[in-house]
Amino acid sequence: MLTKEEIQALLNDLENDRVERTISTTNTDKFGQAICAFANDLPNNQKPGFLFLGVNDDGTIHPISVTDELLKNVAAIRTDGNIQPQPSMVVEKVSFPEGDIVAVEVQPHVFPPIRYKGRVWVRVGPRKGIASEADERLLMEKRNSNVLTFDATPCFNATLDDLDMNLFQFNYLPKTMPADELRNDKREVKYQLSSLGFYDIRFDCPTNAGVLLFAKNLRRFFPGAYVQYVRYKGKTRAGEILMEHEFKENLFTTLQELDTFIKTTIVNRRPIPVSSLREETVVDYPDWATRELLMNAICHRDYSSNGPIQFYQYDDRIEILNHGGLYGRATIDNFPYVNDYRNLVIAEAMKVLGYVNRQSRGVFRVQEDLKENENGEPQYDFSFGTAVMVVEHKSAIPDRLIQAAIEQGLISSESDIKSSQMGENMGKNTQKPPQMGENVGKNTQKCPFPTLTVKNVFELIRQNPTIKYVQIEENLGIDDNTVQRSIAWLKDNGYINKEHSKVKGVWQLI
């Protein structure tokens, strides 16, 4: 509400499209019409309107008896069902030497037209009246322009300090503009964020997209904004849990972690002998297709839900359950030919980062990759209403080649293939990871990785040079000592620089 001095200035000014005065205390229809007109804000002032009770047309005060009953009656106009949708307003008693008045402050509504008893009231200058057809069309255009996707709306309980500015300024922003333009961009960081949809200047706070992508503590704002991975033994959730992990960092970090996790853990790449002289490398799940299905879930999910994305793996399939059904123009009948975006800002950010293409090609390429790898068609289940599940079946190629290799006597059993995953040469390399500080392979140039774990550690560092020790542990499900030994081996054998900056936290690859 305005100060007494600001109210006095409005009283002394001419009546205009933001001010209406009356000496009545009982004409609720007149009050309702004025409140409706201010909420519609046809002139698009984007400022509140004021109704003053106990004031003459010339701005002089006509003292009235301001009781609790009067204030309650005026405030009740907002919620008595006659004004739809309900406006935001404040009712207050203001005392002057001449007497008391009632001041009603009405905020412009973001979704006009607003109706009082079924009619749209507007103000143009000092005039108040029923909106014309042209007026209503203008109000509808304003409504459409104000309709924001969830990720574009302000996150009122967040501040700039809640965002990781290093991620934005040094990792994300350079991907959005050429280096020379970035050097010349002297804008305050708020305006840089705002230009990309991550900050709302009007309310001076980050948008939901800004928090989702760059928050230091995402779960504080969106408890369900994480990916829950579980590996079950067998083909149902009744099976033993072999591995579980939560990807719960901001989306910028989570996207990188998932990309690496799929390549190092889900794909299950291994060589199978097809003759005495040749091997064929097979995968259970093609990495691009699996990544695309998971990235689509992150891009299109309903972030107002408290449930995580469920990324569940069984012996024969992967299930990805995403909160949020088909959105906008997309329906069961036209999917996947028609696409729409629940989160426009996040979709654009994921395109900038290279995780989605926004050309409606992803689903079709997934189908092609899965068909080529003999995984079969992905199965989409829309029967949940508020969620979508996609099922990706395990490839038939590995089992077929393993059976053929056994019949040819190239391997004795499937266990021979499984053991080969711990080395590069069909299980022949049995070298153990070095102990911390041991100069294994010094003065040699990039020896073969001694184990798959060391290789996976290097792959994580290569994908994300800012990755932390604890993130490596969580991604690969290994302990701190194993990470330390693996990194020592990578340093000694010329894969990463011995000097790791603990201040900037950036790994230097050689």
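What radius of gyration does the chain have, and what would a compact globule of 510 residues have? The chain has 31 Å, whereas a compact globule of that many residues would come near 24 Å. Here the radius of gyration is taken over C-alpha atoms, and the globule rule is 2.2 Å times the number of residues to the power 0.38. This is a predicted model, in which local features need pLDDT of at least 70 and side-chain atom pairs count only at pLDDT 80 or more, while totals for chains, interfaces and linings use all residues. Residues are numbered from 1 along each chain as its sequence is written, and side-chain values use heavy atoms, with hydrogens and water left out.

**The chain as a whole**

Along its principal axes, the C-alpha trace spans about 105 × 50 × 45 Å. The accessible surface is about 25,400 Å², and carbon and sulfur atoms supply 48% of that area; accessible areas come from the Shrake-Rupley method with a 1.4 Å probe, and for residues only the protein chains shown count as cover. Of the 510 residues, 46% count as buried, a word that means under 20% relative accessible area (exposed is over 50%, partly exposed in between, 1.4 Å probe, protein chains only). Among contacts with a separation of 6 or more, 64% join residues 24 or more positions apart, where contact means heavy atoms within 4.5 Å.

**Strands and sheet**

The chain has 18 helices and 18 strands. Both are DSSP runs numbered from the N terminus (helices are H or I, at least four residues; strands are E, at least two). Let's look at one sheet: it is open, has 6 strands in the order S12-S11-S15-S16-S18-S17, and shows mixed pairing. Strands S12 (241–247) and S17 (379–381) stand at its edges with a single partner each, so one side of each has no neighbour in the sheet. Direction ignored, neighbouring strands of this sheet are turned by 15° against each other on average, using axes that are lines fitted to C-alpha atoms (for helices over the stretch in contact) and angles that run from 0 to 180 degrees between N-to-C directions.

Two strands pair if DSSP finds at least two bridges between them. Two such pairs sit side by side in this table:

| Strand pair | Sense | Bridges |
|---|---|---|
| S11 (residues 227–232) and S15 (residues 309–313) | parallel | 5 bridges |
| S13 (residues 270–273) and S14 (residues 279–282) | antiparallel | 4 bridges |

Tyrosine 229 has phenylalanine 311 in S15 as its bridge partner. For proline 273, the partner is glutamate 279 in S14. S13 and S14 form a hairpin with 5 residues between them.

**Helix H10**

Helix H10 (residues 251–266) spans only 20 Å between its end C-alpha atoms, against 22 Å for a straight helix of 16 residues at 1.5 Å a residue; the expected span is 1.5 Å times one less than the number of residues. Of its 16 residues, 14 are buried, so H10 is largely enclosed by the rest of the structure. Asparagine 268 follows H10 and has a positive phi, near 60°.

**Two buried asparagines**

Asparagine 208 lies in helix H8 (residues 208–214) and is buried, at 5% relative accessible area. Leaving aside neighbours within four places in sequence, asparagine 208 is in contact with Phe150, Asp151, Thr153, Pro154, Cys155 and Phe222. Its C-alpha atom is separated by 9.9 Å from that of asparagine 343, which is 135 residues away along the chain.

Asparagine 373 lies in the loop between helix H13 (362–372) and S17. At 13% relative accessibility, asparagine 373 counts as buried. With neighbours within four places again left aside, its contacts are Val283, Asp284, Tyr285, Pro286, Ser395 and Ile397.
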